[in-house]
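Got the structure open in your viewer? Let's take a walk through it, one selection at a time.

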Amino acid sequence: MGKIKVKFDSVEDVSKFVQILSKYDSDFDLYCGSYCVDAKSLLGIMTMDLSNSMWMTGNCDNKEADKVISELENVVSIAA
């Protein structure tokens, strides 16, 4: 999975985002500037400035990446 731009509109979106990613065995990271947290960590994401766009990366194959992106599109703003 390449870098995916993610933008949260609310704290509820963060919770849904974490719930979706937690269903997968792959590891996902969320970056805001030089700061990086585990994208499956609600507490970690909440320490970031949610008003900024972030970048997510993951170590999953293309098929799983497509599934993840498809699910996340219903919850957060995503751009490649």
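Is Asp13 buried or exposed? Select this residue and check: with a relative accessibility of 11%, Asp13 counts as buried. Keep in mind throughout that this is a predicted model.

**Stop 1: around Asp13**

Asp13 sits in helix H1. Now bring up what it touches: beyond residues up to four places away in sequence, Asp13 is in contact with Phe8, Val75 and Val76. Val75 is 62 residues away along the chain, yet the C-alpha atoms of Asp13 and Val75 are separated by 5.9 Å.

**Stop 2: the helix itself**

Widen the selection to residues 11–22, which make up H1. If you like, put a distance between the end C-alpha atoms: they are 17 Å apart, which agrees with the 16 Å that 12 residues should span at 1.5 Å a residue.

Next, colour the buried residues of H1, which are Asp13, Val14, Phe17, Val18, Ile20 and Leu21. Why do they end up on the same side of H1? They cover an arc of only 160° around the axis, so they share one side of the helix. Spin to the face turned away from that buried side, and you'll find the exposed residues Glu12 and Gln19.

What covers the buried residues of H1? Show strand E1 (4–7), strand E2 (28–32), helix H2 (42–46), strand E4 (54–58) and helix H3 (62–72), which are among the elements that do.

**Stop 3: the nonpolar core**

Now for the largest nonpolar core, with its 25 residues. Pick out Phe8, Phe17, Leu30, Ile45 and Met56, which touch the most other members. E1, H1, E2, E4 and H3 each supply at least two residues of this core, and the largest share, five residues, comes from H1.

Ile45 is a good one to zoom in on. Skip its neighbours within four places in sequence, and Ile45 is in contact with Phe8, Val14, Phe17, Val18, Leu30, Val37, Asp38, Ala39 and Leu50.

**Stop 4: the E2–E3 hairpin**

Leu30 and Val37, both on that contact list, are worth selecting together: Val37 in E3 is the bridge partner of Leu30. Zoom out to see E2 alongside strand E3 (residues 35–38); the two run antiparallel and are joined by four bridges. Their hairpin has two residues between the strands, and here Gly33 takes a positive phi near 65°.

**Stop 5: two cysteines**

How many disulfides does a search of the whole structure find? The count is zero. Select Cys32 and see for yourself: this residue is in no disulfide, and the nearest cysteine sulfur, that of Cys36, is 11 Å away. A disulfide needs sulfur atoms within 2.5 Å, so at 11 Å Cys32 and Cys36 don't qualify. As for their surroundings, Cys32 is buried, with a relative accessible area of 17%, whereas Cys36 is partly exposed at 35%.

**Last stop: Thr57**

Finish in strand E4, where you'll find Thr57. Is Thr57 buried or exposed? Its relative accessible area is 19%, and buried means under 20%, so Thr57 counts as buried. To see what surrounds this residue, show Met1, Gly2, Lys3, Asp27, Phe28, Asp29 and Tyr31: these are the contacts of Thr57 once neighbours within four places in sequence are left aside.

Note on methods
Residues are numbered from 1 along each chain as its sequence is written. This is a predicted model: local features need pLDDT of at least 70, side-chain atom pairs count only at pLDDT 80 or more; totals for chains, interfaces and linings use all residues. Side-chain values use heavy atoms; hydrogens and water are left out. The expected span of a helix is 1.5 Å times one less than its number of residues. Buried means under 20% relative accessible area, exposed over 50%, partly exposed in between (1.4 Å probe, protein chains only). The arc is that of the directions from the helix axis to the C-beta atoms. Contact means heavy atoms within 4.5 Å. A nonpolar core is a set of buried Ala, Val, Leu, Ile, Met, Phe, Trp, Tyr and Cys residues joined through side-chain atoms within 4.5 Å. Two strands pair if DSSP finds at least two bridges between them.
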